[in-house]
Amino acid sequence: MQFRTPDGTIEPVNGVSWNVAAGEIMAIVGESGCGKSVSALAVMGLLARPTGRIVGGRILFQGRDLVTLPDEKMRELRGRDIG
């Protein structure tokens with residue numbers, strides 16, 4: 001993912017990979033500023049646009065790539081299934 005700033009483009013988190021099976025619970029832990037919140041926001045499609053954006057890779061949830069879903073479908077999934 002990338003964020004545009006007045007000083008240029010930054011990539012605060014990259015190379016993240018999680019695999020969570022149905023029924024599993026996962027906790028994300030780490031030091032302050034390591035990317036936990038921004039990674040979770042990216043998964044849920046809640047990065048502030050146009051400043052923040054996913055520039056590569058996939059986010060698969062129940063066989064769907066969340067990166068390619070239209071906003072309306074993402075809102076449905078977020079409220080019903082991801083939440």
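In this predicted model, Leu-47 touches Met-1, Phe-3, Val-38, Leu-41, Ala-42, Gly-52, Arg-53 and Ile-54, with residues up to four places away in sequence left out of the count. Several of these partners recur in the largest nonpolar core. That core has six residues: Leu-47 itself, Met-1, Phe-3, Val-13, Val-38 and Ala-42. Another core lies apart from it. This second core has five residues, including Ile-59, Leu-66, Leu-69 and Met-74.

The strands form an open sheet. Three strands take part, in the order S2-S1-S3, and the pairing is antiparallel. S2 and strand S3 (52-53) are the edge strands, as each pairs on one side only. Strand S1 (residues 2-5) is joined to S2 by three bridges in the antiparallel sense. Within the sheet, Phe-3 stands opposite Ile-10 in S2. Phe-3 is also one of the residues of the largest core and a contact of Leu-47. Gly-52 and Arg-53, two further contacts of Leu-47, are the residues of S3.

The surface carries a nonpolar patch. Val-16, Trp-18, Val-20, Met-26 and Ile-28 make up this patch, and together they have about 400 Å² of accessible area. Trp-18 is placed in the loop between strand S2 (8-10) and helix H1 (36-43). Is Trp-18 buried or exposed? Its relative accessibility is 38%, so Trp-18 counts as partly exposed. The cut-offs for this class are 20% and 50% relative accessible area.

Notes:
Residues numbered from 1 in each chain as written. Predicted model: local features only at pLDDT ≥ 70, side-chain atom pairs only at ≥ 80, totals over all residues. Heavy atoms only, no water. Patch = residues over 30% accessible without salt bridge, like charges linked within 9 Å, V, L, I, M, F, W, Y side chains within 5 Å. Areas by Shrake-Rupley, 256 points an atom, 1.4 Å probe, with all protein chains shown as cover. Salt bridge = Lys/Arg side-chain N within 4 Å of Asp/Glu carboxyl O. Helix = DSSP H or I, 4+ residues; strand = E, 2+ residues; numbered from the N terminus. Buried < 20%, exposed > 50% of the residue type's maximum accessible area, 1.4 Å probe, protein only. Pairing = 2+ DSSP bridges. Core = buried A, V, L, I, M, F, W, Y, C linked by side-chain atoms within 4.5 Å. Contact = heavy atoms within 4.5 Å.
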